[in-house]
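I opened my notebook to record what I looked up in this structure, one entry per topic. The structure comes first, and my notes follow.

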Amino acid sequence: MAKLLKNRELLLVGAILVLVALIAWRFPPFVAPANLARVYNDTSILIILALGQMAVILTRCIDLSMAANLALSGMVAAMLNAAFPGLPIPVIIISAMALGAILGMINGALVWKLDIPPIVVTLGTLTIYRGLIFLLTNGKWINAHQMSDAFKSFPRADLAGIPVLSWLSVVMVAAMFLVMSRTPLGRAFFAVGGNPHAAVYTGIDVGRTRFFAYCLSGTLAGLSGYLWVSRYAVAYVDIAAGFELDIIAACVIGGISIAGGIGSVPGAVLGALFLGVIKNALPVINISPFAQMAISGMVIITAVAVNARAERRKGRVILKKAEAV
Amino acid sequence: MAETHLSPRNIPDRLEGRGARLLKSWESLLLVVACLIFLGNSLASPYFLDPWNLSDATFNFTEKAMIAFAMALVIISGEIDLSVASIIALASTAMGYAVQLGFDTPALVVVGLSVGLACGVVNGLLITGLGLPSIVVTIGTMSLFRGLSFIILGDQAFTGYPDSFAWFGQGYVWWVFSFEFTMFVVLAVVYGVVLHKTNFGRAVYAIGNNQTAALFSGIRVNRVKFTLFLLTGLMAGLASICLTSRLGSTRPSIALGWELEVVTMVVLGGVSILGGSGTIPGVVLAALIMGMVTFGFGLLNVPGIVMSIFIGLLLISVIALPILWRRARRRLAH
């Protein structure tokens with residue numbers, strides 16, 4: 001089992017390398033270390049979000065509201081900054097994360113306490129959260145000149161040659177790796193998704209674990225909200241619209257099973273990187289950026305087909321059909 | 001799982017009568033809500049009750065409702081199709097392309113319907129042929145289909161549809177009854193009969209309740225599911241014809257986000273998102289409610305995004321309220 005999982009990530013690494021090699025063949029400067037660092041930096045936010053989505057998907061749920069959560073937390077961060085330019089950046093980041101966590105808790109509580117199917121809950125909160133931004137702002141934008149310099153420059157600040165944004169994503173990846181592999185909560189995510197009934201008998205509260213998964217995805221979405229708004233130096237109702245699908249795509253490509261219980265932190269990171277490389281490569285090899293959507297669609301379908309075949313080789317699962325029902 | 005203690009269960013000595021069951025059903029609740037909204041709208045705005053105004057109001061939901069009927073069947077069978085809005089975009093783009101090539105209205109209709117059907121085939125093959133989960137497949141094809149129309153159109157738009165084509169979205173069959181509304185009524189009847197009165201409909205329920213049992217009782221599960229995805233594709237094609245004809249132009253972002261509204265409509269209509277239960281009359285009422293709410297808000301100058309908050313709240317609360325109600329009643333019984 002472990003070998004198989006490892007294989008899948010190796011496969012993905014191979015696919016990314018082939019992709020990069022193909023791009024380098026058409027446009028050599030793409031593989032310059034500085035440019036690759038730039039590609040990673042550009043993908044950082046997607047990586048952070050994919051980590052949160054991974055935790056949710058592992059527990060057999062889904063969070064479609066992440067992009068809306070990002071937009072709302074980002075907008076509030078921008079409004080805080082515009083209203084109180086003197087507010088230190090850490091306070092803004094923490095309040096964005098706290099707001100994101102609260103929004104995630106709302107999802108989690110609806111799933112946990114009311115047993116509403118996750119897809120319905122997050123479909124609903126997706127439209128509600130985005131609508132709230134409109135109610136907050138009346139559709140107005142917050143532009144670069146309304147934001148303080150510290151607010152805008154924080155993710156760009158240079159630390160040992162690499163922007164803070166990249167460092168943040170590295171820290172998040174490391175932290176999530178530890179959480180997923182070394183804490184009871186991380187193991188509970190896998191247990192709940194692998195077999196909820198068995199999880200109950202081992203003393204895991206399935207609903208509560210899902211609640212925490214949503215808190216996690218919400219917190220990470222809140223953090224990404226600040227990062228997104230400060231990086232692009234603009235906040236409006238529609239930022240990151242449709243991005244929830246990119247996040248899920250990154251997870252699916254990374255081999256995280258939508259049926260729950262299967263997945264890994266490296267997988268999520270690689271899935272996000274795969275999409276990031278495609279997105280950054282299209283303009284330099286003269287493919288219209290409009291093609292990106294169709295390409296990610298193809299990649300999602302291919303990835304889920306490949307993953308489904310890998311899962312089928314899992315071997316002896318007695319009464320799998322009966323369990324699925 | 002929270003309540004593990006045993007409680008004496010009241011076993012009724014007879015089943016409830018047909019009338020009592022009908023009164024307590026989700027559909028009658030929806031009917032009451034629909035009447036209240038209708039009443040509220042007519043009180044809030046003096047223009048609401050005009051027949052032509054009501055006719056205009058139907059354009060808000062007829063296209064989505066056409067898809068919602070097919071989607072209801074898909075969801076009852078335990079699957080989901082999130083790619084419908086993208087199918088609209090692709091079918092509309094194909095029709096726009098056909099216009100550029102000089103085709104006329106009948107050919108455009110054929111193009112729209114067959115592109116919809118073809119997209120349905122792609123979904124159906126991936127889901128039943130390869131046995132992939134429908135939610136991921138249709139998230140993928142959602143990206144793919146709309147992506148294709150982005151490749152074809154970029155930031156451009158197709159216009160210049162022939163005048164006769166406008167009839168589907170703007171024409172009237174008789175008096176205030178538009179083509180779209182007539183289609184909505186006809187399809188409601190057809191889908192109602194198919195789901196509630198045919199073997200095929202029974203098979204859809206059976207699959208949604210227990211796929212394995214359905215398979216063992218001789219239902220060709222994959223064939224039924226494949227047909228259902230064909231139907232959503234076809235309905236999306238039809239909706240695409242109506243919408244394109246109504247707007248008179250095609251952009252790749254056409255019908256963006258409709259999949260959520262269609263799913264909301266279906267779930268609001270009392271179809272269980274987990275599959276196995278739901279009715280077409282429920283979906284019809286949900287379509288009327290959503291249409292009237294958005295139109296009423298429109299008359300009151302409420303911006304669209306505030307309506308979407310309302311739809312989101314509606315979606316969650318219609319599912320949450322029965323659960324809370326059941327819990328409250330159980331607590332009272334103790």
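I began just past the end of helix 7 of chain B, where Gly154(B) follows the helix and has a positive phi, near 60°. Helices here are DSSP runs of H or I with at least four residues, strands are runs of E with at least two, and both are numbered from the N terminus. This is a predicted model, in which local features need pLDDT of at least 70 and side-chain atom pairs count only at pLDDT 80 or more, while totals for chains, interfaces and linings use all residues. Residues are numbered from 1 along each chain as its sequence is written, and chains are lettered from A and ligands numbered from 1 in the order in which they are written.

**Helix 7 of chain B**

I checked the length of this helix next: its 20 residues should span 28 Å at 1.5 Å a residue (the expected span being 1.5 Å times one less than the number of residues), and the end C-alpha atoms of helix 7 of chain B are 28 Å apart, which agrees. I then looked at burial, where a residue is buried if 20 or more other C-beta atoms, placed from the backbone, lie within 10 Å of its own, exposed if 12 or fewer do, and partly exposed in between. In helix 7 of chain B 17 of the 20 residues are buried, so the helix is largely enclosed by the rest of the structure.

**The contact between the chains**

Which helix of chain B gives the most to the side that touches chain A? I found that helix 7 of chain B does, but I set down the totals beforehand: the contact takes 39 residues from chain B and 39 residues from chain A, two residues being in contact if their C-beta atoms, placed from the backbone, lie within 7 Å. On the side of chain B that touches chain A, the elements giving two or more residues are helix 7 (134–153), helix 11 (211–216), helix 13 (258–268) and helix 15 (304–333) of chain B. Helix 7 of chain B gives the most, with 13 residues. Sorted by class, that side of chain B has 27 nonpolar, eleven polar and one charged residues; nonpolar covers Ala, Val, Leu, Ile, Met, Phe, Trp, Tyr, Cys and Pro, charged covers Asp, Glu, Lys and Arg, and polar the others, Gly among them.

**Met265(B) in helix 13**

I turned to Met265(B), which is found in helix 13 of chain B. Is Met265(B) buried or exposed? Met265(B) is buried, with 28 other C-beta atoms within 10 Å. Leaving out residues up to four places away in sequence, I noted that Met265(B) touches Lys64(B), Ala65(B), Ala68(B), Val283(B), Ala286(B), Ala287(B) and Met290(B). I also looked up Met71(B), 194 residues from Met265(B) along the chain, and the C-alpha atoms of the two are separated by 9.6 Å.

**Helix 14 of chain B**

Helix 14 of chain B (residues 280–299) has 20 residues and reaches 28 Å from its first C-alpha to its last, close to the 28 Å expected at 1.5 Å a residue. This helix 14 of chain B is mostly covered, with 15 of its 20 residues buried, and just after it Asn301(B) takes a positive phi of about 65°.

**Helices 4 and 9 of chain B**

I recorded that helix 4 (residues 62–76) and helix 9 (residues 179–197) of chain B pack at an angle of about 10°, with their axes 9 Å apart; axes are lines fitted to C-alpha atoms, for helices over the stretch in contact, and angles run from 0 to 180 degrees between N-to-C directions. That makes helix 4 of chain B roughly parallel to helix 9 of chain B, a label for angles under 35 degrees. The residues of this contact divide into eleven nonpolar, one polar and two charged.

**Two alanines of chain A**

Most residues other than glycine have a negative phi. Phi of Ala160(A), however, is positive, near 55°, and Ala160(A) lies in the loop between strand 1 (158–159) and strand 2 (162–163) of chain A. Ala160(A) is exposed, with 5 other C-beta atoms within 10 Å. Phi of Ala240(A) is also positive, near 60°, in the loop between helix 10 (206–232) and helix 11 (243–253) of chain A, but Ala240(A) counts as buried, with 24 C-beta neighbours inside 10 Å.

Methods
Parallel < 35°, antiparallel > 145°, perpendicular 65-115°, else oblique.
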